[in-house]
Amino acid sequence: MSGGATAAFLESGMRFATPLAYAALGELVVERAGVINIGLEGAIIGGAFGALVFAGAGSVALGFVGAAAAGTLVATLFAFFVVTLRTDQIITGTALSMLGLGLTGTLYRTIYGSSGASLHTPTISPVAVPVLSAIPIVGPALFDQPVVTYALYAIVPLLACWFYRSSAGLALRAVGEHPEAALGAGISPARVQWAAILFGGAMGGIAGGTLVLAQVGTFAEGMSAGRGFIAIAIVVLGRWSPLGVAVAAVVFGAASALQTLAQATGWSMPYQLPLAFPYLLTLVLLATARARTAAPSALGKRLP
Amino acid sequence: MTFFTRAVRSQAGASAAAALLAIVAVTFVVMAAGYDVSRAAAALWDGSFGSAYSFFSGTLQRATPLIIVGLAVAVAFKAGVLNIGAEGQLLSGAAATITAGLAMSGWPAWLSIPLELLAGMVAGAVWAGIAAVLKRRFGVLEVISTLMLNFVALFGVSYLVHGPLQEPTHTYPETLRLAASARLPLVVPGQQLHLGFVLAIALGVAAHWYIRSTAGGFRLRVAGEGPLAAASAGRVKVDQVLFGAFLASGAIAGLGGAVQVTGVTYKLYELISPGYGYTAIAVALLARLSPFGVIIAGVFFGGLEAGGAGMQRDAGVPAGFVYVIEALVILGVLAVDRARTLAAERAPRVMGETEV
């Protein structure tokens with residue numbers, strides 16, 4: 001590959017990785033509180049729809065607010081069932097993915113007509129950082145991106161600090177490891193899980209908003225395209241740490257970019273191979289002891 | 001409220017209460033979205049149970065994969081295996097069935113059809129087996145592994161229909177159609193209902209008998225109730241039982257894929273399953289994991305999907321709305337279950353009462 005092609009490949013990899021990183025960082029916080037939210041897909045598609053409605057009424061910024069609000073709304077329902085009613089996380093999550101996909105599709109056709117006419121929202125364009133974006137090969141990928149990508153450069157270290165250096169972060173991890181002990185230490189596991197799930201929903205919503213407002217510029221039914229499930233894989237591949245999750249999101253983003261590249265350049269390799277690769281990598285990694293011990297001990301279990 | 005709590009104490013009553021809750025919620029959503037409720041309801045009825053054609057060729061045909069895959073999910077969940085990979089197992093079953101069916105072109109039907117279905121079951125079991133081995137050997141959470149394998153199966157099918165199995169003109173991303181002798185026969189004159197529906201019912205009856213009346217079924221139930229129950233029942237090798245249930249679940253889901261391609265589509269393409277593996281979770285749950293319940297719930301959901309198509313045609317309600325209904329049914333079941341638990345905790349204990 002020439003230098004120019006490599007730079008283009010990395011640049012598109014980062015673009016694919018951005019919504020994945022938002023969704024996965026949100027899911028990371030949720031999972032560290034001991035909850036696995038399979039309904040993340042519902043929050044992402046909800047966020048995409050919220051972005052369409054709000055950006056249409058105002059600006060891109062308002063669109064992101066709407067996206068986060070819609071994602072949080074889906075998460076509220078999930079938290080009510082899973083934390084307050086103590087229902088099964090997997091089944092509830094499956095229901096909320098279906099609900100999000102079905103409801104946004106229905107509302108979209110109801111509000112904007114069944115023709116599926118293309119509705120364009122305002123989008124944010126990439127902003128090149130002077131000097132840095134001129135670095136050969138990696139410059140455009142890292143420093144010629146929309147603001148939402150740059151925000152991640154701050155969110156990842158902040159989240160890492162918060163996880164390991166703050167008492168709230170410690171409380172979160174305690175709930176995910178051993179809710180009874182956390183309760184004994186005066187932490188309310190239910191309250192911590194509620195907060196984590198709402199945060200995860202907002203991040204999932206922003207992921208959906210990024211798809212609409214920074215990439216596609218419109219909404220399409222089912223446009224979340226399994227990203228909620230991919231985010232869950234990313235959290236595993238990133239071994240439940242903020243930095244690991246960020247790197248894993250880039251791996252999955254690069255796989256998508258490789259697929260586009262393979263199709264564009266007419267490689268003889270089947271284009272499904274790079275797409276399947278991150279999932280296979282996650283499966284192999286899961287089988288190693290290091291990945292399993294990294295998982296929060298109380299993941300997926302109901303609160304007592 | 002006492003009537004309500006009393007009604008939901010019985011299993012069937014609880015399912016009916018959940019369905020009722022969902023219907024109320026659905027009516028509300030349809031109204032809020034500004035559609036004509038009576039027209040939508042009429043269209044839903046006409047499209048699902050209103051005529052012989054809509055019942056046999058619509059509802060029961062759509063119910064067939066849902067019943068089979070619902071049984072797959074029920075068997076796994078009953079044993080405490082959270083297999084959410086029925087979608088992937090169905091896809092690998094469908095792919096293997098088509099491969100076998102095309103290879104056996106020209107063979108007599110009595111030979112090729114059983115072999116096709118067998119190929120689908122083996123492929124489904126193998127696909128589930130990957131997750132089963134990962135769980136048994138390495139303790140990998142099956143929720144995550146089966147989810148990953150769903151994606152891998154989807155990409156696998158995509159590769160097959162763009163590559164080695166693509167029809168010879170290389171125009172469409174699909175395989176050749178199965179020869180007439182490799183297709184499941186139709187069972188109702190003039191209707192699209194195929195032998196797969198009969199198989200689905202037979203499988204439901206067999207699963208009911210197996211779980212109720214055999215030692216294997218007993219071990220399955222005990223394993224599902226947790227390590228404590230398994231220890232008190234004595235000599236139940238939980239690991240082994242879970243492994244077996246996982247493979248059986250995969251084989252049944254694979255059969256679901258096999259029946260769909262030999263009975264309905266006659267060929268393989270990417271979107272062969274509109275999420276049967278996920279809807280089946282709702283089916284199994286609404287049925288309380290009971291095999292007979294799965295048959296009823298499968299017909300109920302099949303009717304919803306057939307009626308959903310009718311609603312879009314006649315009342316303009318988008319077809320995606322069916323997913324909203326399915327999701328609300330699941331949430332209804334979960335909420336009613338919670339009400340049951342609370343009611344049981346509050347109710348005074350009576351000697352000899354076996355209520356849980």
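Two residues count as being in contact here if their C-beta atoms, placed from the backbone, lie within 7 Å. On that footing, the meeting of the two chains in this predicted model draws 38 residues from chain A and 37 residues from chain B. Three elements of chain A give two or more residues each to the side that touches chain B: helix H4 (89-112), helix H10 (227-237) and helix H12 (272-286). H4(A) hands over the largest share of that side, with 15 residues. Sorted by class, the side of chain A that touches chain B comes out as 23 nonpolar, 12 polar and three charged residues.

As for how far the prediction can be trusted, the model scores ipTM 0.85 and pTM 0.85. Chain B has a mean pLDDT of 87, with 94% of its residues at 70 or more. Within chain B, confidence peaks in helix H5 (residues 86-103), at a mean of 96, and bottoms out in helix H1 (residues 2-9), at 50. There is also a stretch of chain B, residues 351-356, where pLDDT stays under 50. For that stretch the model has three contacts beyond four places in sequence. Where pLDDT is low, the predicted coordinates should not be read in detail.

Turning to the layout of chain B, the chain splits into domain 1 (1-35 + 317-348) and domain 2 (55-315). The C-alpha centres of these two domains of chain B sit 27 Å apart. Their contact uses 14 residues from domain 1 of chain B and 13 residues from domain 2 of chain B. On the domain 1 side, helix H2 (11-32) and helix H14 (321-346) of chain B each chip in at least two residues. H14(B) brings the largest share of the domain 1 side, seven residues. By class, that side of domain 1 of chain B holds 11 nonpolar, two polar and one charged residues.

Helix H12 of chain B (residues 276-286) is mostly covered, with 11 of its 11 residues buried. Among them are B:Tyr276, B:Gly277 and B:Tyr278, along with B:Val283, B:Leu285 and B:Leu286. Just past the end of H12(B), B:Arg288 takes a positive phi of about 55 degrees.

Another covered spot in chain B is B:Leu199, which belongs to helix H8 (residues 195-213) of chain B. B:Leu199 counts as buried because 20 other C-beta atoms lie within 10 Å, and the cut-off for that label is 20 or more. B:Leu199 and B:Ile67 are 132 residues apart in sequence, yet their C-alpha atoms are 10.0 Å apart in space.

Back in chain A, helix H3 (residues 60-84) and helix H9 (residues 189-216) make a crossing of their own. The axes of H3(A) and H9(A) come within 6 Å and cross at roughly 145 degrees. The crossing of H3(A) and H9(A) is right-handed. Where H3(A) meets H9(A), the contact has 18 nonpolar, 11 polar and no charged residues.

The loops of chain A have a few quirks too. Most residues other than glycine have a negative phi. Against that background, A:Arg86 has a phi near 60 degrees, a positive value in a residue other than glycine. A:Arg86 lies in the loop between H3 and H4 of chain A. With 15 C-beta neighbours inside 10 Å, A:Arg86 is partly exposed. A:Arg239 is not a glycine either, although its phi is positive at about 50 degrees. A:Arg239 is in the loop between H10 and helix H11 (242-265) of chain A. A:Arg239 has 19 C-beta neighbours inside 10 Å and therefore counts as partly exposed, given that a buried residue needs 20 or more.

A further loop residue, A:Pro122, is found between H4 and strand E1 (127-128) of chain A. A:Pro122 is partly exposed as well, with 14 C-beta neighbours inside 10 Å. Setting aside neighbours within four places in sequence, A:Pro122 touches A:Ala55, A:Ser59 and A:Val60. A:Pro122 and A:Ile234, which are 112 residues apart in sequence, lie 29 Å apart from C-alpha to C-alpha.

Terms used
Residues are numbered from 1 along each chain as its sequence is written. Chains are lettered from A and ligands numbered from 1 in the order in which they are written. This is a predicted model: local features need pLDDT of at least 70, side-chain atom pairs count only at pLDDT 80 or more; totals for chains, interfaces and linings use all residues. Helices (H or I, at least four residues) and strands (E, at least two) are DSSP runs, numbered from the N terminus. Ala, Val, Leu, Ile, Met, Phe, Trp, Tyr, Cys and Pro count as nonpolar, Asp, Glu, Lys and Arg as charged, and the others, Gly among them, as polar. pLDDT is the predictor's confidence in each residue, from 0 to 100. A residue is buried if 20 or more other C-beta atoms lie within 10 Å of its own, exposed if 12 or fewer, and partly exposed in between; C-beta atoms are placed from the backbone. Domain bounds come from an automatic or database domain assignment. Axes are lines fitted to C-alpha atoms, for helices over the stretch in contact, and angles run from 0 to 180 degrees between N-to-C directions. A crossing is left-handed if the near helix is turned anticlockwise from the far one by less than a right angle, and right-handed if clockwise.
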